[in-house]
Amino acid sequence: MIGEWLRNASAVTVLTGAGISTDSGIPDFRGPQGVWTKDPQAAAMSAIDVYVADPAVRRRAWRSRRDHPAWGAEPNAGHRALVDLERAGRLRAIVTQNIDGLHQKAGSDPDLVIEVHGTMLEAECLMCGRRTPMPEVLARIDQGEEDPPCPECGGIQKSATISFGQALKPEVFAAAERAARECDVFLAVGSSLGVQPAAGLCVEAVESGARLVIVNAQETPYDRLADAIVREPIGTVLPTLLSETC
């Protein structure tokens, strides 16, 4: 059934969450072994007001960025399956909540990857907006700086990601909304669909006439809207589903 929908679709938009990267060794946030499940205090590093106000949180955040498993991670079968979908000419866009850059590393066209929550591969100054490749800033951590300020203005830096309390980039989310409205199948993969407004793209897609397929280990708030739900491991089921379309 799902394979037939995908075969007949001229445009598939994929929303990916942390679950697609777990097979690459990057833990999710809210799952049974999630970062925030195992260490609820870690969520403070993702709250912009706490981050700005508390130097101790910033110091911990910089250590966490330096030690993040994404730096040594490789794309897995789920990422590669989406590359195959693109090559088959059926991919409208990948809207990703992930910040790890693994879609692009797998070979997805960067122009088709919409990073609604930003990227960990760059640092951004909260005062002047200067962007710096993250490895350059992490090198300063290794040299003993615990909370490296912006080299341009001396402001607070953080990863170029969207923290809780920060607004999404309007132009980025507008592109995500267009992709949700302009597809025949909206495939939500590895997302708890608990973070707005990204999760609301499911509604955009359904109201525009798309079929909604959810591939996720746990229940989501949007299961009731789905035309199909798959609970099997992403790295196994996604290549199988998409191989029928390529």
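Three strands make up an open sheet here, ordered β5-β4-β6, with antiparallel pairing. Its edge strands are β5 (131-133) and β6 (157-161), each pairing on one side only. Keep in mind that this is a predicted model. Besides the sheet, the things to look at are helix α8, the nonpolar cores and a buried leucine in α5.

**The β5-β4-β6 sheet**
- Ignoring direction, neighbouring strands of this sheet are turned by 45 degrees against each other on average.
- Strand β4 (residues 118-125) is joined to β5 by 3 bridges, and the two run antiparallel.
- On the residue level, E122 stands opposite P133 in β5.
- As a bit of background, strands in a sheet pair through backbone hydrogen bonds, in either a parallel or an antiparallel way.
- Helix α7 (residues 134-142) lies across β4, β5 and β6, and runs at about 75 degrees to β5.

**Helix α8**
- Helix α8 covers residues 170-181, and at 1.5 Å a residue its 12 residues should span 16 Å; the end C-alpha atoms are 16 Å apart, so the expected span and the model agree.
- The buried residues in α8 are F173, A175, A176, A179 and A180.
- Look down the axis of α8 and those buried residues fall within an arc of 150 degrees, so they line one face of the helix.
- Turned away from that buried side is a face carrying the exposed residues P170 and E171.
- As for partners, the buried residues of α8 pack against four strands and a helix: β1 (12-16), β2 (91-96), β3 (113-115), β7 (185-189) and α9 (201-207).

**The nonpolar cores**
- The largest nonpolar core has 25 residues, and V95, I114, F186 and L193 have the most contacts inside it.
- At least two residues of this core come from each of β2, α8, β7, α9 and β8 (211-215).
- Helix α8 gives the most to this core, with 5 residues.
- Leaving aside residues up to four places away in sequence, L193 touches L15, A188, A199, C202, I214, T220, P221 and Y222.
- There's also a second, separate core of 24 residues, which includes L82, V230, L238 and L242.

**L85 in helix α5**
- L85 lies in helix α5, which covers residues 77-87.
- L85 counts as buried because its relative accessibility is 0%, and the cut-off for buried is under 20%.
- L85 and G118 are 33 residues apart along the chain, and their C-alpha atoms are separated by 23 Å.

Note on methods. Residues numbered from 1 in each chain as written. Predicted model: local features only at pLDDT ≥ 70, side-chain atom pairs only at ≥ 80, totals over all residues. Heavy atoms only, no water. Expected span 1.5 Å × (residues − 1). Buried < 20%, exposed > 50% of the residue type's maximum accessible area, 1.4 Å probe, protein only. Arc of directions from axis to C-beta. Contact = heavy atoms within 4.5 Å. Pairing = 2+ DSSP bridges. Axes fitted to C-alpha atoms, helices over the stretch in contact; angles between N-to-C directions. Core = buried A, V, L, I, M, F, W, Y, C linked by side-chain atoms within 4.5 Å.
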